[in-house]
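Please walk me through the side-chain contacts of this protein. I work at the bench, so keep it brisk.

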Amino acid sequence: MTKAEFAKRLSEIMEENNRTARDVSLNIGQNSGYINSILNEKAYPSMDVFFKICEELNITPMDFFDTENRYPEMMNRVAPYFKKLNKKEFEAVELFLETIGNSK
């Protein structure tokens, strides 16, 4: 993933969660302009800081790199509900999702 792709993905996830660069920077223990330096393609975070960013945004590193998942934080919030469904309930949800997915 290039710096530009990394910055774009980070920006998308932050935007979807109404998070500011300053807020995320400070919450991960960095200076207020740290995330902006990443968004401006001036830097990559260290591995340790990347994990802190993911934790702050309530996503996993795998979620970050799964660019087909537009709302990873939201997906992580609803996943526990899916795990509680029995097969019949899960099939009903699947049919509902197929129906609304095909209506676009």
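F82 is partly exposed, because its relative accessibility of 29% falls between the limits of 20% and 50%. This value, like the others here, comes from a predicted model. F90 is also partly exposed, at 40% relative accessibility. The rings of F82 and F90 form an aromatic pair. Their centres are 5.8 Å apart and their planes meet at 70°. The pair is edge-to-face because that angle is over 60 degrees.

The structure has 8 aromatic pairs. Another of them joins F6 and F64. Here the ring centres lie 4.7 Å apart, with 40° between the planes. That angle is neither under 30 nor over 60 degrees, so the pair counts as tilted. F6 sits in helix 1 and F64 in helix 5. They are 58 residues apart, so this pair links distant parts of the chain. Both rings belong to buried residues: F6 has a relative accessible area of 6%, and F64 has 1%. F6 and F64 also belong to one aromatic cluster, together with Y44, F50, F51 and F65.

F64 leads on to the nonpolar core. In soluble globular proteins, nonpolar side chains tend to be buried together. The largest nonpolar core of this model has 17 residues. F64 is among those with the most contacts inside it, along with L10, I35, I53 and L57. Helix 1, helix 2 (21–27), helix 3 (34–39) and helix 4 each give two or more residues to this core. Take I35 and leave aside residues up to four places away in sequence. I35 then touches L10, M14, A21, V24, S25, I28 and I53. Two of these contacts, L10 and I53, are themselves named among the core residues with the most contacts.

Now the charged side chains. The model holds 6 salt bridges. Two of them involve E12. The first joins E12 to K8, with N and O 2.9 Å apart. Both residues lie in helix 1 (residues 3–16), 4 residues apart, or about one turn of the helix. The second joins E12 to R9, where the closest N and O atoms are 3.9 Å apart. That still counts as a salt bridge because the cut-off is 4 Å. E12 and R9 are 3 residues apart in helix 1, again about one turn.

How exposed is each of these partners, K8, E12 and R9? K8 is exposed, at 54% relative accessibility. E12 is partly exposed, at 32%. R9 is buried, at 3%.

Helix 4 (residues 47–56) has a salt bridge as well, between K52 and D48. The closest N and O atoms are 3.7 Å apart. The two residues are separated by about one helical turn, because they are 4 residues apart in that helix. K52 is partly exposed, with a relative accessible area of 37%. D48 is partly exposed too, at 47%. Back in helix 1, shared partners join the salt bridges of K8, R9 and E12 into one network.

R9 has one more neighbour to note: N69 touches R9, D63 and M75, not counting residues up to four places away in sequence. N69 is in the loop between helix 5 (61–65) and helix 6 (72–83). Its relative accessibility is 12%, so N69 counts as buried. A polar atom of the N69 side chain lies 3.2 Å from the backbone nitrogen of Y71.

Technical notes. Residues are numbered from 1 along each chain as its sequence is written. This is a predicted model: local features need pLDDT of at least 70, side-chain atom pairs count only at pLDDT 80 or more; totals for chains, interfaces and linings use all residues. Side-chain values use heavy atoms; hydrogens and water are left out. Buried means under 20% relative accessible area, exposed over 50%, partly exposed in between (1.4 Å probe, protein chains only). A nonpolar core is a set of buried Ala, Val, Leu, Ile, Met, Phe, Trp, Tyr and Cys residues joined through side-chain atoms within 4.5 Å. Contact means heavy atoms within 4.5 Å. A polar contact is a pair of N or O atoms within 3.5 Å; within protein, one must be able to donate a hydrogen and the other to accept it, and residues adjacent in sequence count only if both atoms are side-chain atoms. Rings of Phe, Tyr and Trp (its six-membered ring) pair if their centres lie within 6.5 Å; planes under 30 degrees apart count as stacked, over 60 as edge-to-face and the rest as tilted.
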